[in-house]
Amino acid sequence: PELTLPQMLAQNARALGTRVAIRQKDFGIWNPTTWAGYFERASDVAHGLRLTGLGAGGHLAILSENRIEWVLAQLGAGLAGAVTVGVYATSPANEVAYVLNHAEAEVILCEDQEQVDKVLEERESLPHLKRIVVIETKGMRAYDPDLVISFEDLEARGREDRSRNPGLVADVLARQSLDDIGLMIY
């Protein structure tokens, strides 16, 4: 179809709303997410990313293994008019810093404390980085709350902002074209 990935997500949410789009296993149990739920959560992430300072055309880096938060962030970035940059979770800190600098990433989504520590190890060499979002928060109590936010909080803040500013995603989707960058892969 002549649609961007975020536009296809919105179309699938309308056409296939209650059908299962994604399943993720947690503690041995597969948890389904419908197309409508996928779009709503990605929209919440879009609003949350905008609140972190990620603007249209900005770059969100993702440093994580495959999981539902990865695709929610990727499509959420697209719904905010931003571009996702994948970073290999096995990369050492200096390689992570190279990708973040080259891509001029403003926000990074990290899977866990190990990935956050890689970013913080190189923090002084990352002038574009505004925020770190972390999925698994175990062991994260001692981190600067002005820099590090949980994915759960990002989503919750985005949900609240979406209720106040419901037109953001629709406006972004209306302006997208197939000439837009969908994803940067190093």
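Student: Which residues does glutamate 69 touch, leaving out those up to four places away in sequence?

Tutor: A good place to start in this predicted model. Glutamate 69 touches Gln24, Leu109, Ile135 and Phe151, once residues up to four places away in sequence are set aside. Glutamate 69 itself has its place in helix α3.

Student: Is glutamate 69 buried or exposed?

Tutor: The idea is to look at relative accessible area, where under 20% counts as buried. For glutamate 69 the value is 11%, so this residue is buried.

Student: How should I read a salt bridge here?

Tutor: Start with the general idea: side chains of opposite charge can pair when their charged atoms come close. In this structure the count comes to 9 salt bridges.

Student: Which residues are linked with Glu69 in a network of salt bridges?

Tutor: The network links Glu69 with Arg67, Glu111 and Glu136. One of its pairs is worth a closer look: arginine 67 and glutamate 136 form a salt bridge, and their closest N and O atoms are 2.7 Å apart. Glutamate 136 sits in the loop between β6 (131–134) and β7 (148–150), while arginine 67 sits in the loop between β3 (59–63) and α3 (68–79), so this pair ties together parts that are 69 residues apart in sequence.

Student: How accessible are the two partners, arginine 67 and glutamate 136?

Tutor: Arginine 67 counts as buried at 17% relative accessibility, whereas glutamate 136 is partly exposed, with a relative accessible area of 36%.

Student: What does aspartate 112 touch, again leaving out residues up to four places away in sequence?

Tutor: Aspartate 112 touches Val134 and Glu136, and Glu136 is a member of the network we just discussed. You will find aspartate 112 in the loop between β5 (107–110) and α5 (113–121). Sequence and space can also be set side by side: aspartate 112 and proline 92 are 20 residues apart in sequence, and their C-alpha atoms are 14 Å apart in space.

Student: Where are the partners of the salt bridge between aspartate 44 and arginine 159?

Tutor: Their side chains meet at 3.2 Å, N to O. Aspartate 44 is in helix α2 and arginine 159 in helix α6 (residues 151–164), so the pair links distant parts of the chain, 115 residues apart. Aspartate 44 counts as buried at 3% relative accessibility, while arginine 159 is partly exposed at 43%.

Student: How many residues apart are arginine 164 and aspartate 161 in helix α6?

Tutor: They are 3 residues apart in helix α6, which means that about one helical turn separates them. These two also form a salt bridge, with the closest N and O atoms 3.4 Å apart. Aspartate 161 is buried, at a relative accessible area of 9%.

Student: Let's turn to helix packing. At roughly what angle do the axes of helix α1 and helix α2 cross?

Tutor: To read a pair of helices, look at the angle between their axes and at the residues in contact. The axes of helix α1 (residues 5–16) and helix α2 (residues 35–51) come within 7 Å and cross at roughly 140°. The two helices are therefore oblique to each other. The crossing of α1 past α2 is left-handed.

Student: Which residues meet where α1 touches α2?

Tutor: From α1 come Leu9, Ala10, Asn12, Ala13 and Leu16, and they meet Trp35, Ala36, Tyr38, Phe39 and Ala42 of α2. Sorted by class, this contact has 9 nonpolar residues, 1 polar residue and no charged ones.

Conventions:
Residues numbered from 1 in each chain as written. Predicted model: local features only at pLDDT ≥ 70, side-chain atom pairs only at ≥ 80, totals over all residues. Heavy atoms only, no water. Axes fitted to C-alpha atoms, helices over the stretch in contact; angles between N-to-C directions. Helix = DSSP H or I, 4+ residues; strand = E, 2+ residues; numbered from the N terminus. Parallel < 35°, antiparallel > 145°, perpendicular 65-115°, else oblique. Left-handed = near helix turned anticlockwise from the far one by under 90°. Contact = heavy atoms within 4.5 Å. Nonpolar A, V, L, I, M, F, W, Y, C, P; charged D, E, K, R; others polar. Salt bridge = Lys/Arg side-chain N within 4 Å of Asp/Glu carboxyl O. Buried < 20%, exposed > 50% of the residue type's maximum accessible area, 1.4 Å probe, protein only.
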